[in-house]
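Biologist: Please take a close look at a single part of this structure, and then set that part in its wider context.

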Amino acid sequence: MFKTTLAGLLAHKLRLLLTSLAITLGVGFIAGTFVLTDTINAGFAQKFTADAAKISVAVLSKGEDHKVAAAELEKVRAVKGVAEAQGIVSGTAALIGKNGKVAGDFPTAGISIPEGALNRTLITKGAAPKSAAEAVLDENTAKTRGFTVGDTITVLDSASAKQRFTLVGLFDVGVNQELAYTGAVGFTTDTARRMTGEKSFKEIDVLAADGVSPTDLRASVAAALGSAYEVKTGEKLAHDLAAANNMDTQFLTMGLLMFGMIAMFVAALVIYNTFNILVAQRAREMALLRCIGATKKQIFGSIVLESGVVGVISSVLGLLIGLGLGAGAMAVLGALDAPVPVGVGVSLTTRTILVGLVTGIVVTVAAALLPARAATRVAPIAALRSQVEESTVRTGVVRAVFGALFLLAGTGATVAGVSMEPGQSALVVVMASGAIFFLGVLVLGPLIIRPLGAFVGWVPAKIFGVPGRLAVTNSRRNPKRAATTTVALTIGVTLMTLISVITATTRETAGERLDKQFPVDYMIATQQRDSTIPRTLASDLRARPELASVVAIREAEAKVNGRRAEVGTFTADPAFTLTATKGSVKDLGPGTAGVSDGFAKNENVKVGDTVKVAGRDFRVVALLSDDTAPVYGVTIPERDFDSAFPKVADKQLLVNAKDGVTADRSRQIVEAAAQPYPTVLVASSREVRGAFDDALDQILMIITGLLGLAILISLLGIANTLSLSVHERTRESALLRALGLTRPQLRRMLSIEALVLGLIGALVGVALGVSFGWAATQTMMDDITFRAPVGQILSFVALSGLAGVVAAVLPARRAARASIVGSLASS
Amino acid sequence: MTMTTDVRQAVTARGLTKVYGQGDAAVHALRGIEVGFATGAFTAIMGPSGSGKSTLMHCLAGLDTVSGGEIHIGDVEITKLTDKQLTLLRRERIGFVFQAFNLLPTLTAEQNIRLPLEIAGRQADQVLFDRVIDTVGLGDRLGHRPTQLSGGQQQRVAVARALISKPQVIFADEPTGNLDSRSGAEVLSFLRRSVRELGQTIVMVTHDPVAASYADRVIFLRDGLLVNELHQPTAQTVLDTLLKLEA
Ligand SMILES: Nc1ncnc2c1ncn2[C@@H]1O[C@H](COP(=O)(O)OP(=O)(O)OP(=O)(O)O)[C@@H](O)[C@H]1O
Ligand SMILES: [Mg+2]
């Protein structure tokens, strides 16, 4: 039996390869994920270890505040066995760009570059700062802001005063994610403290004197400082940093593995289908084996064995591909300047090998179990029947009932989820019901494929004449096979559509919110959350005749009904309206207040109630929607606010230009007015939207790319099914050729069949994706604006059809090339 | 030898040779066949197994390439045509009936019959269609699929399909090989009727002397050569000739 199986496999190498490829890709992706994250982890660990090797002992705060009192440094220096100790400063020190404005959306970090042996920062160009007039910049910020060694740079100190430094060098932020994100300026330790205003250190690094072991030193430093601080050896520090980092990469691993699992599921469908077809095609062979004495068990075993061989081959290939993928992804990340360690060897762990092999083999064999069981049901007598006609699905009442039940359950659960309060649990309910509904589609697939085929094939059958009509009939002739083939594609398309619906809806909803929140041409705010805009800017702007309105928003913290909360106000102006969810904003006169929805709910405040703000009573006349309320808390009229909080500067300015003033002109005016205030940034509504759109586009692109794998595998499935069908219909093709069908017509016939399959898969996927995308968005927030990106969705459908046609190229070529006489003779 | 083709010959072959394989493994299936098939005649090809009957038929029908010699169908020398031209020629001028698997399982009997016309994008001649359907005697079963028809009925559908496009010649390779004698007789009389009544030209390969006796003429092959022929054969004369051949 074993030999027969192997001989059978070897006789069909190409088919074996195609089948394996589906699993190979899935395993490759999973293995690649592990290889990538392991490599990153290993690189980080290596880097941390190398860094930490420079220090013997580190002193850290026990809490989350990362503060070690400055006075401790002298205590540490006094400990016996300490050769050297340095305090590490880390805070913010906003770099001013060449345009005179702070650089970036977030202020750059200000860090100390310790001198001597304890320096862990890698200076890549120039030198470390040695005096109070020198500073260094991280390479990336220097590049994007156009600074080179020798330039003079301006940095804001903690009092927002401009300080000038000579740029003496550039450094590499290495694997520090935070510094990589904000950019950083490095100073000598004293200068860093002065610039950032940090009174304490983030960490104190200690170097042991010759002959003192880090462990001993750690003990004596800890003894000197008491229990307020955590004292670690360098080795332990490296270990802890690496562990914390592993937690971070675990998210990456999990996220990627999710896509890997989707791909594996699709691959399992492809394998299942392939084995089903193989079993059907070999029914006579099986029957013959049964006739000559093979037991059911042996037949079952031979199919399982075959799948096992396929599983082993494809998993091993998958591991190799995974290795390549991991290395490739590292190279790409490195090239993109992502803060990952570079120049480390790709790491292939035993775990990766085990997980890859086990997943690949288990999925393959499990997918082949049902087909193997079907093979045992072939009666020996089948060997004597002349032609095994293809399976016609018995109208399967059981199937219909089960399918319908799943659909009903899925629909019911979706309705329940949608009507729940928006939030995580509602989303989970909707996703789960999506899965149930999908099972229903899976079960009903063979029943709905015929009507769908007729529907989708209507146009091709009309346009492409005989090949078209034959193709459409062929696509519907084996509903089970067609259903499984297309469902594999449906999965990918469903998820793609789902994601694009969700992003489009988010984009639209957020856009509308921005419009509400931001019904203005320019928004002026500061780079740092807790700083403000001097009131002079607002009055300067109001003096400009080109501007129609300048609304200032101010906020302060005060006791509201005895508890600390935010209190805000805004300049009354027709350009700025608040949306009331209860009551009316028009009534917001002296002595009254509007309360934001969320705050009102938490504090149980209703319209008509009285709230005590900073010792004064205000009558609540409106509840404000959270989107438009100036603060999450209580909004009171400007006059009342100013008398309660007279010194508060503006938090935000909303500026509208007069009609007829060009965008260029108004922008120029606003920017000129803001120029003297380096921390004040001007954004136009278009820019805010643009940044948001870019972020969404990027997410969409990444997810689409990751889902692409599942789609690729399902296309392999189409190619595989088609080539098996072509093989099965060799004589039919020959007959058609004899009757005068030309080679191009035969090829076209197969392409159209694939087109129809692809379109069915895509249409079902689009329907599911849009429905569940709608349901999912309903659970995410209140009053969303649903949007299905029609163009994108149509392009999914078109691309699926096209991809089907591409998948058919090889099988179609083979079919067209076969000699008529040879094919007629084949049995 | 003159190159002009006798107009009364539907198909002629001159010096036809066919070699399969190369060198030591070469099989000379046809070794120089000279033969003509008259228009409106029913010709049977007979010979021992492996004598080259199928090969000859495939070459004559343009399904296979020849190694040497030439074949004319009507006034067209098919040995010079490209694959595309051959396909179009088959579409327009040749009908086929094979031993088995003649019909597309997804189409009904009627759709199968109309298939060649549809492929060629031609309209069915309704008078001819009715007449063929009438002759084929399947009136009430036209909507059935092949699996719902008996072997004899399937073969009759195949013959009807071959007739419907009014081809210059119909080639049939053991059309009754898979049938019992009664169903075989139905198919054979149908073939003969179409020659008599519709003036169809038919070339049929067969093993069965009784089947051959339905033909106007029988030619005999042995080892790739034309060795004998009979006109107005009976089952007995065919059998005698065969026995002599095999002796
Ligand atoms: N594709 C092929 N490759 C090699 N040899 C072939 C091929 N087809 C036929 N032959 C050989 O050519 C010779 C003629 O074969 P052909 O099939 O024409 O015989 P036949 O008269 O039709 O026999 P049968 O009555 O058994 O059908 C035989 O010796 C056969 O083995
Ligand atoms: Mg033969």
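Modeller: Helices (H or I, at least four residues) and strands (E, at least two) are DSSP runs, numbered from the N terminus. This is a predicted model, in which local features need pLDDT of at least 70 and side-chain atom pairs count only at pLDDT 80 or more, whereas totals for chains, interfaces and linings use all residues. Residues are numbered from 1 along each chain as its sequence is written, chains are lettered from A and ligands numbered from 1 in the order in which they are written, and side-chain values use heavy atoms, with hydrogens and water left out.

The part I have chosen is a nonpolar patch on the surface of chain A, formed by Leu799(A), Leu802(A), Val806(A), Val809(A) and Leu810(A). Together these residues have about 500 Å² of accessible area (Shrake-Rupley method, 1.4 Å probe, with only the protein chains shown counting as cover for residues). Patch residues have over 30% relative accessible area and no salt bridge; nonpolar side chains (Val, Leu, Ile, Met, Phe, Trp, Tyr) are joined within 5 Å, and like charges within 9 Å. Two helices of chain A, α23 (790–807) and α24, each supply at least two residues of the patch. The largest share, three residues, comes from α23(A). Leu799(A) is placed in this helix, α23 of chain A. Its relative accessibility is 51%, and Leu799(A) therefore counts as exposed (exposed means over 50% relative accessible area, buried under 20%, partly exposed in between).

The other contributor, helix α24 of chain A, covers residues 809–817, and within it Pro811(A), Ala812(A), Ala815(A) and Ala816(A) are buried. Viewed down the axis of α24(A), the buried residues fall within an arc of 130°, so they line one face of the helix. The arc is that of the directions from the helix axis to the C-beta atoms. Leu810(A) and Arg817(A) lie on the other side of α24(A), where they are exposed. Leu810(A) thus appears in two descriptions: as a member of the nonpolar patch and as an exposed residue of α24(A).

The wider setting begins with chain A as a whole. Its secondary structure comes to 25 helices and 24 strands. The C-alpha atoms of chain A fill a box of roughly 100 × 80 × 45 Å, taken along the principal axes. Of the 827 residues in chain A, 50% are buried.

Charged contacts come next. Over all chains, the structure holds 37 salt bridges (a side-chain nitrogen of Lys or Arg within 4 Å of a carboxyl oxygen of Asp or Glu). In chain A, one of them joins the side chains of Arg120(A) and Asp205(A), with an N to O distance of 2.8 Å. Arg120(A) sits in the loop between β6 (109–112) and β7 (122–126), while Asp205(A) belongs to strand β13 (residues 203–208), so this pair ties together parts of chain A that are 85 residues apart in sequence. The partners are unlike in exposure: Arg120(A) is partly exposed at 23% relative accessibility, whereas Asp205(A) is buried, with a relative accessible area of 0%. Elsewhere in chain A, a network of salt bridges links Arg535(A), Arg554(A), Glu638(A), Asp642(A) and Asp650(A).

Chain B offers further examples. Asp216(B) and Arg196(B) form a salt bridge through their side chains, 3.2 Å from N to O. This pair links distant parts of the chain, 20 residues apart: Asp216(B) lies in the loop between α7 (209–212) and β9 (217–222), and Arg196(B) in helix α6 (residues 181–198). Asp216(B) is buried at a relative accessible area of 13%. A salt bridge within a single helix is that of Glu110(B) and Arg114(B), whose side chains meet at 3.1 Å, N to O. Both residues lie in helix α3 (residues 109–120) of chain B, where they are four residues apart, about one turn of the helix. Glu110(B) is partly exposed at 26% relative accessibility, and Arg114(B) is also partly exposed, at 22%.

Two points of backbone geometry complete the picture. Ala614(A) has a phi near 45°, a positive value in a residue other than glycine. Ala614(A) is placed in the loop between β20 (610–613) and β21 (616–624) of chain A, and is partly exposed with a relative accessible area of 43%. In chain B, Glu174(B) has a positive phi of about 45° although it is not a glycine. Glu174(B) is found in the loop between β7 (169–173) and α6 of chain B, and counts as buried at 16% relative accessibility.

Notes: Buried means under 20% relative accessible area, exposed over 50%, partly exposed in between (1.4 Å probe, protein chains only).
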